[in-house]
Amino acid sequence: MFLSSIIRRVILGLAATAFVTTGAWAQAFTVGDIEIGHPWSRATLPGAKVAAGYASLKNNGTEPDRLVGVSAEIAGKGEPHEMAVTDGIMTMRPLKGGLEIPAGAEVMLEPGSYHIMFTDLKAPAVEGEKFKGTMTFEKAGTVEVEFAVEKPGGDDHSSNGG
């Protein structure tokens with residue numbers, strides 16, 4: 001009985017620590033009616049020329065808005081992109097005219113889908129660090145954000161340098 005009580009306390013303590021640690025990386029930024037939740041990127045491998053950025057974009061307004069521009073201190077260029085698989089072939093393209101965020105909706109920028117493509121890297125994205133950037137919306141305006149850099153890996157293009 002005593003041992004199971006100790007084990008239960010240890011498990012609860014670890015779970016609480018994991019929650020607090022994960023929450024420490026979670027950041028939110030707001031501009032106009034747009035909420036930007038947890039901007040992040042994966043750490044880049046040595047020699048990588050590109051990186052990808054992710055976040056949630058929530059439009060609390062009554063009109064649609066668009067993510068039309070992105071920049072980051074580590075990159076020469078940033079732009080909204082879309083990745084899709086059609087007939088087993090992966091395609092990736094910049095979103096001409098930006099990414100629409102419908103009124104009252106949330107759009108996820110995530111691996112394998114919509115994302116921010118950072119090209120012409122001037123510096124690596126280093127795990128455990130953050131890098132500054134901006135996001136510009138057609139109606140809401142421009143906001144400074146910080147991208148938390150998480151561990152490398154995964155099956156999207158950001159981990160392989162191209």
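This briefing walks through the fold, the core, the strand pairing, the aromatic pairs and a few backbone details of the chain above. The model is a predicted one, so please read every value below as computed from it. The chain has 162 residues, 37% of which count as buried, and it holds 1 helix and 11 strands.

**Overall layout**

- Starting at the N terminus, the order of elements is α-β-β-β-β-β-β-β-β-β-β-β.
- Among contacts with a separation of 6 or more, 70% are between residues 24 or more positions apart.
- The accessible surface of the chain is about 9,000 Å², and carbon and sulfur atoms account for 57% of that area.

**The nonpolar core**

- The largest nonpolar core has 29 residues, and the members that touch the most others are Ile36, Leu57, Leu67, Phe118, Phe131, Met135 and Phe137.
- Strand 11 (residues 141-150) supplies the largest share of this core, with 4 residues.
- Phe137 is a good place to start browsing: setting aside neighbours within four places in sequence, its contacts are Val31, Ile34, Ile36, Leu57, Asp65, Arg66, Leu67, Val68 and Ile101.

**Val68, seen from its own side**

- Val68 sits in strand 4 (residues 65-72).
- With a relative accessibility of 40%, Val68 counts as partly exposed, because that value falls between the 20% limit for buried and the 50% limit for exposed.
- Beyond its neighbours within four places in sequence, Val68 is in contact with Gly97, Gly98, Thr136, Phe137 and Glu138.
- One of these partners, Thr136, is 68 residues away along the chain, yet the C-alpha atoms of Val68 and Thr136 are 5.8 Å apart.

**Strand 2 and its partners**

- Strand 2 (residues 34-42) has 7 buried residues out of 9, so the rest of the structure largely encloses it.
- Strand 1 (residues 28-31) pairs with strand 2 in the antiparallel sense, through 4 bridges; in this pairing, Ala28 stands opposite Gly37.
- The hairpin formed by strand 1 and strand 2 has 2 residues between the strands, and Gly32 takes a positive phi there, near 55 degrees.
- Strand 3 (residues 50-59) runs antiparallel to strand 2, and 6 bridges join them.
- Strand 11 runs parallel to strand 2, with 3 bridges between them.
- Trp40 has a bridge partner in strand 3, Tyr54, and another in strand 11, Ala148.

**Aromatic pairs**

- A pair of aromatic rings is described by the distance of the centres and the angle of the planes.
- The structure has 4 aromatic pairs by the ring-centre rule.
- In the pair of Trp40 and Tyr54, the ring centres are 4.5 Å apart and the planes are at 40 degrees, so this pair is tilted.
- That pair links distant parts of the chain, with Trp40 in strand 2 and Tyr54 in strand 3, 14 residues apart.
- Trp40 counts as buried at 14% relative accessibility, and Tyr54 is buried too, with a relative accessible area of 0%.
- Phe118 and Phe131 form an edge-to-face pair, at 5.7 Å centre to centre and 85 degrees between the planes.
- Phe118 belongs to strand 9 (residues 114-121) and Phe131 to strand 10 (residues 130-137), so their pair ties together parts 13 residues apart in sequence.
- Phe118 and Phe131 are both buried, and ring pairs join them with Phe147 into a cluster.

**Positive phi outside glycine**

- Most residues other than glycine have a negative phi.
- Asp87 has a positive phi, near 50 degrees, and lies in the loop between strand 5 (75-86) and strand 6 (89-94).
- The relative accessible area of Asp87 is 76%, so this residue is exposed.
- Asp120 also has a positive phi, near 55 degrees, but Asp120 is found in strand 9.
- Asp120 counts as exposed at 53% relative accessibility, because exposed means over 50%.

Note on methods
Residues numbered from 1 in each chain as written. Predicted model: local features only at pLDDT ≥ 70, side-chain atom pairs only at ≥ 80, totals over all residues. Heavy atoms only, no water. Core = buried A, V, L, I, M, F, W, Y, C linked by side-chain atoms within 4.5 Å. Buried < 20%, exposed > 50% of the residue type's maximum accessible area, 1.4 Å probe, protein only. Contact = heavy atoms within 4.5 Å. Areas by Shrake-Rupley, 256 points an atom, 1.4 Å probe, with all protein chains shown as cover. Pairing = 2+ DSSP bridges. Phe/Tyr/Trp six-rings, centres within 6.5 Å; stacked < 30°, edge-to-face > 60°.
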